[in-house]
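Colleague: Before I plan anything at the bench, could we go through this model together, one feature at a time?

Modeller: Gladly; please put your questions in turn, and I will give the reasoning along with each answer.

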Amino acid sequence: MDSSESLRFSQEFSSLVGWSMGGYLFVLLGISYYASKRVHGPEDFIVAGRRLGLGLATATLLATWFGAGTLMAAADEICAVGLQGAALDPFGAGLCLIIFGLFFAVRLWKEKLLTLPEIFGRKFGPSARKTGAALMIPPYLGWIAAQFMALAGIITLFFDLPFELTLCLVACVGTGYTIMGGMWAVSLTDAFQLGLVIVGLLVLTLEGLAEVGGFANLWHHLPAAHKIFIPMDDLAVCLGFVGVVAAGALGNIPSQDVSQRVFASKSEKVAKKACILAGVLYLVLGAAPVILGLIGHQMGFADQQATVVQVAGASIHSGLVVLLVVTLMSVILSTIDGALLAPASVLVNDLLPASRRPDSELFKFRLGVGLMGTVSLGLALAGENAYAMLESSYELGMVSLLAPLCYALYAKKASAPGALSSMAAGTLLWLGHYLVDAEYFFGLKGCPVGLISMLVSFLSYPLAIRFFRK
């Protein structure tokens, strides 16, 4: 079955899909309304009153990134280029959660923070806090826009709606229920969605494999280039691969969304275990979209978008198509809510002046969520490629904030000039290369710009300390 036949197959069931989506959204809004009853102040809204147990913490950590990046953009990338397309997501992102749990979760939990830039303020002063916050917000805008685009793309496969209108509807729904319940809504809806996601991915993967004659037959007929995960035979390509893995594994360590779930955990042990468990589960579940991307290539979808939905339409019957569309919808929405809450929390808590009244402060956080949704919608309407936005978002955090965070948690002596120099050096080097759109870093073929910018950021801290001592 070719892609056009797959789309015609899906359109036959657009009414059933529509009712299923509507019912699912009704349940989500009901959960969010229930969650809103637990929100009595900013701490409840931002970190769920620091009361998440291992189950809720793990579920919401897993759902943090297991959305459009893994199910849609990465599957499309793997469909086009093979296993190397899994370097950023799910491989890099899964490693990130494990690394965070091993080296960062306990130390950050003990600080009793609301937002990650607060640690820069405590260790390096208010200038570092505001600079870190300003650097932390922009990457989320591209990440949220990627989720909006992915979900809108799925909906337009089944309904004859303008893409721009669908984007606006998706943004309104995702932003609306996040405003309602904050982190409590994020955590409870993530837990609800996780079981559906696991079942849906398992069914789709098994049915897709059956369509191509099983995994052994799929692997046998794949081109040799699609079977290569680490390109060892080409140094330049290998260095580029390492740079992409590093962007995924290190880029989101200095991020508010993961940190926020750690802060919301009820103990340091829960925070650490939840991160590691979520990382392992991420790698396990991430195998499904990797396989689906390979199946999509085998079915001839290498030049198509929404590979996962294409495979579903080509391989299974109508009832399971509905289940899988709702699954994709749920996993993307579960990513949208957390991604909206994180930059809104940073904006209000670290960049805007505080209000003396808790109810006014809570209103500001909700208004911040609405602002982040609006700006991200504007970026999505601009038509940027989802995977390119995702990769750029990972790298900015790695080059600007990872080094200051490590020094804040592990250095014996804090230095404000060192932290500010570290933030500036990595950011300017990376941004300069990005703006000139050079193919290679200073002409060095395959040299990963993100890794070099990160190393410069790490070196700038001790160099600045020595300079300001003179």
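Colleague: In which helix is Thr58 found, and is Thr58 buried or exposed?

Modeller: Bear in mind throughout that this is a predicted model. Thr58 is found in helix α4, which covers residues 54-65. Its relative accessible area is 5%, and since buried means under 20%, Thr58 in α4 counts as buried.

Colleague: Which backbone oxygen does the side chain of Thr58 reach?

Modeller: The contact runs from the side chain of Thr58 to a backbone oxygen, at 2.7 Å. The residue that supplies this backbone oxygen is Leu54.

Colleague: How many of the residues of helix α6 are buried?

Modeller: Helix α6 spans residues 87-103 and is mostly covered. Among the buried residues are Leu88, Leu97, Ile98 and Phe100, and Asp89 is also one of them. The count for α6 is 12 of its 17 residues.

Colleague: Turning to charged pairs, which residue meets Arg50 in a salt bridge, and which one pairs with Arg51?

Modeller: For Arg50, the side chains meet at 3.7 Å, N to O, and Arg50 itself counts as buried at 16% relative accessibility, whereas its partner is partly exposed at 38%. For Arg51, the closest N and O atoms are 3.8 Å apart; here Arg51 is partly exposed, with a relative accessible area of 49%, while its partner is buried at 14%. The partner of Arg50 is Glu43, and that of Arg51 is Asp44.

Colleague: What separates Asp350 and Arg129 along the chain?

Modeller: These two side chains form a salt bridge in which the closest N and O atoms are 2.6 Å apart. The pair links distant parts of the chain, with Asp350 in helix α16 (residues 318-351) and Arg129 in helix α9 (residues 126-158). The separation between Asp350 and Arg129 is 221 residues.

Colleague: Is Asp350 buried or exposed, and which residue is linked with Asp350 and Arg129 in a network of salt bridges?

Modeller: Asp350 has 3% relative accessibility and therefore counts as buried, whereas Arg129, at 24%, counts as partly exposed. Of the seven salt bridges that the structure holds, the one between Asp350 and Arg129 belongs to a network. The further residue linked in that network is Glu118.

Colleague: Why is the pair of Phe229 and Phe241 called edge-to-face?

Modeller: The structure holds 10 aromatic pairs. In this one the ring centres of Phe229 and Phe241 are 5.2 Å apart, and planes over 60 degrees apart count as edge-to-face. The pair is therefore edge-to-face because its planes stand at 85°.

Colleague: Where in the chain do Phe229 and Phe241 lie?

Modeller: The pair links distant parts of the chain, its members being 12 residues apart. Phe229 is partly exposed, with a relative accessible area of 26%, whereas Phe241 counts as buried at 8%. Phe229 lies in the loop between α11 and α12, and Phe241 in helix α12.

Colleague: At what angle do the ring planes of Phe467 and Phe468 stand, and are both residues buried or exposed?

Modeller: The ring centres of Phe467 and Phe468 lie 5.3 Å apart, and the pair is edge-to-face. Phe468, which lies in helix α21 (residues 449-469), has a relative accessible area of 53%. The planes of the two rings stand at 90°, and both Phe467 and Phe468 are exposed.

Colleague: Which aromatic ring lies under Arg38, and which one under the charged end of Lys112?

Modeller: Arg38 lies over the face of its ring at 4.5 Å from the ring centre, and the charged end of Lys112 sits 3.5 Å from the centre of its own. The ring for Arg38 is Trp184, and the ring for Lys112 is Trp109.

Colleague: Finally, which residues make the nonpolar surface patch of about 410 Å²?

Modeller: One of them is found in helix α20 (residues 416-436) and counts as partly exposed at 32% relative accessibility, namely Leu431. The patch is made by Leu431, Tyr434, Leu435 and Val436.

How values were computed. Residues numbered from 1 in each chain as written. Predicted model: local features only at pLDDT ≥ 70, side-chain atom pairs only at ≥ 80, totals over all residues. Heavy atoms only, no water. Patch = residues over 30% accessible without salt bridge, like charges linked within 9 Å, V, L, I, M, F, W, Y side chains within 5 Å. Areas by Shrake-Rupley, 256 points an atom, 1.4 Å probe, with all protein chains shown as cover. Salt bridge = Lys/Arg side-chain N within 4 Å of Asp/Glu carboxyl O. Helix = DSSP H or I, 4+ residues; strand = E, 2+ residues; numbered from the N terminus. Buried < 20%, exposed > 50% of the residue type's maximum accessible area, 1.4 Å probe, protein only. Phe/Tyr/Trp six-rings, centres within 6.5 Å; stacked < 30°, edge-to-face > 60°. Lys NZ or Arg CZ within 6 Å of the ring centre and 35° of its normal. Polar contact = N/O pair within 3.5 Å; in protein donor to acceptor, adjacent residues only side chain to side chain.
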